[in-house]
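Work through these short exercises on backbone geometry and helix packing. Keep the sequence and the model open beside you.

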Amino acid sequence: MAQKPHRILGVDPGLGVTGYALLSLADGSPEPFLVEGGILRSDARAPFEMRLSELFQDLTRIIRGLKPDVMAVENLYSHYKHPRTSIIMGHARGVIFLAASLAKVPVRSYAATEIKKSLVGRGRATKRQIQHMVQRRLGLAGLPEPEDLADAIAAAYCHVDRSLRRPAALNGRARR
């Protein structure tokens, strides 16, 4: 009997623009495929609390519609030169985690360098390199735009590599 495909919702957190992408991986399949992806935008002129509420509502709708098994989100990176950005990003991540928790979707966090290394092979890959590798892996005609979408796909790919593929490979090595 065939297993249900794994559905991974990658999220690139942001307050102004949040990227999301659902990848599906069937058991035995070498590569996941993109089910849906896009971005969520908030009005920069709106009050902060309204922007967070809008992000929560939009992401809740997406989770409800796409029914992911797990969500992969980039860890918060502390930009010492821009602490305000880190604080704002922390608020956005909190709303993202709350939406997932209320929908009973587990969340896995990955460092930006781990996501890049998983997809490109280098932890210091550029945004453009991420876009090119996502394009290649998904067989897209063009680069995924904007970068937030490519970053969301990359987060989901990282989860596939780290949690769905790697355990099988490690188990195989352990048995030798």
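**Exercise 1.** Is K104 buried or exposed? Find its place in the chain and its phi sign.

*Solution.* K104 has 73% relative accessibility, so it counts as exposed (exposed is over 50% relative accessible area, buried under 20%, partly exposed in between; 1.4 Å probe, protein chains only). K104 is in the loop between α2 (83-102) and β5 (107-110). Helices are DSSP runs of H or I with at least four residues, strands are runs of E with at least two, and both are numbered from the N terminus. The phi of K104 is positive, about 60°, although K104 is not a glycine. Most residues other than glycine have a negative phi.

This is a predicted model: local features need pLDDT of at least 70, side-chain atom pairs count only at pLDDT 80 or more, and totals for chains, interfaces and linings use all residues. Residues are numbered from 1 along each chain as its sequence is written, and side-chain values use heavy atoms, with hydrogens and water left out.

**Exercise 2.** Describe K67 in the same steps.

*Solution.* K67 is exposed, with a relative accessible area of 58%. K67 sits in the loop between α1 (48-66) and β4 (70-74). Its phi is positive, about 50°, and K67 is not a glycine.

**Exercise 3.** Check the span of α4.

*Solution.* The expected span is 1.5 Å times one less than the number of residues. For the 12 residues of α4 that gives 16 Å; the end C-alpha atoms are 17 Å apart, which agrees. Just after α4, G139 has a positive phi of about 70°.

**Exercise 4.** Which residues of α4 are buried?

*Solution.* They are I130, Q131, M133, V134, Q135 and L138. In an α-helix, with 3.6 residues a turn, residues three or four places apart point the same way.
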